[in-house]
Amino acid sequence: MSYDMWFWKQSDDCSHSPDEVVEGIVEKQIVLSGVESLDLEQVKLRFKEFFPGLESNLYQTESCYFNLDLYPPYGFQVISTPPGTQEVIDALNQIIDLAGECGCALYDPQAG
């Protein structure tokens, strides 16, 4: 079982539901008003700074893993170990902080 989070940058007037935004990001050809493009190469570089062991968009330790999926140009998804240990919770909080630095909104499908 895994845990996933979605991130994107949006303007204050974005009126789309998170599910609509995720669908638009995945479909790529759908451009939604209020969803802004991201410098995903910069995002990836910041991930490598936060998580030096990140290779080929995969980070793994003995009790924690996550995969960084980029959906140019609008967003990214992180699929990780469920937050059952402090190491995983700390990693997920770092990811949320990193995304916040980039001005990204967080969508946690598990929480709605």
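These are my notebook entries on strands, a loop residue, salt bridges, cores and ring pairs in a predicted model.

**Strands**

I began with the pairing of β3, residues 58-60, and β4, residues 65-71. The two strands run antiparallel and are joined by 3 bridges. I looked up Q60 and found Y65 as its bridge partner in β4. The connection from β3 to β4 is a hairpin through 4 residues.

I then followed β4 to its pairing with β5, residues 75-80. Here I noted 6 bridges, and again the strands run antiparallel. F66 has S80 of β5 opposite. This pair of strands also forms a hairpin, with 3 residues between β4 and β5.

**N57**

Next I went to N57, which sits in the loop between α2 (40-50) and β3. Is N57 buried or exposed? I entered it as buried, because its relative accessibility is 15% and the cut-off for buried is under 20%. With residues up to four places away in sequence set aside, N57 touches K44, F66, N67, L68 and L70.

**Salt bridges**

I searched the whole structure for salt bridges and got 2. One joins the side chains of R46 and E49, at 2.2 Å from N to O. Both residues lie in helix α2, 3 residues apart, or about one turn of the helix. I logged E49 as exposed, with a relative accessible area of 52%.

R46 also forms a salt bridge with E101, where the closest N and O atoms are 2.8 Å apart. What does this pair tie together? E101 lies in helix α3 (residues 86-101) and R46 in helix α2, so the bridge links parts that are 55 residues apart in sequence. Through shared partners, the salt bridges join R46, E49 and E101 into one network.

**Nonpolar cores**

I looked up the largest nonpolar core and found 23 residues in it. Those with the most contacts inside this core are F7, F47, F66, F76, V78 and I95. Which elements each supply at least two of its residues? I listed β1 (3-10), α2, β4, β5 and α3. The largest share comes from α3, with 6 residues.

I checked the surroundings of F7, leaving aside its neighbours within four places in sequence. Its contacts are Y74, G75, F76, V78, I95, I96, A99, C104, A105 and L106. I also recorded a second, separate core of 11 residues, which includes W8, C14, V21 and V22.

**Aromatic pairs**

I went through the rings last and found 10 aromatic pairs in the structure. One of them is W6 with Y71, a tilted pair at 5.2 Å centre to centre and 35° between the planes. W6 lies in strand β1 and Y71 in strand β4, so the pair connects parts that are 65 residues apart in sequence. I entered W6 as buried at 6% relative accessibility. Y71 also counts as buried, at 18%.

I closed with the ring cluster, in which ring pairs link F7, F47, F50, F51, Y59, F66 and F76. F7, F47, F66 and F76 had already come up among the residues with the most contacts inside the largest core.

Definitions and conventions
Residues are numbered from 1 along each chain as its sequence is written. This is a predicted model: local features need pLDDT of at least 70, side-chain atom pairs count only at pLDDT 80 or more; totals for chains, interfaces and linings use all residues. Side-chain values use heavy atoms; hydrogens and water are left out. Two strands pair if DSSP finds at least two bridges between them. Buried means under 20% relative accessible area, exposed over 50%, partly exposed in between (1.4 Å probe, protein chains only). Contact means heavy atoms within 4.5 Å. A salt bridge is a side-chain nitrogen of Lys or Arg within 4 Å of a carboxyl oxygen of Asp or Glu. A nonpolar core is a set of buried Ala, Val, Leu, Ile, Met, Phe, Trp, Tyr and Cys residues joined through side-chain atoms within 4.5 Å. Rings of Phe, Tyr and Trp (its six-membered ring) pair if their centres lie within 6.5 Å; planes under 30 degrees apart count as stacked, over 60 as edge-to-face and the rest as tilted.
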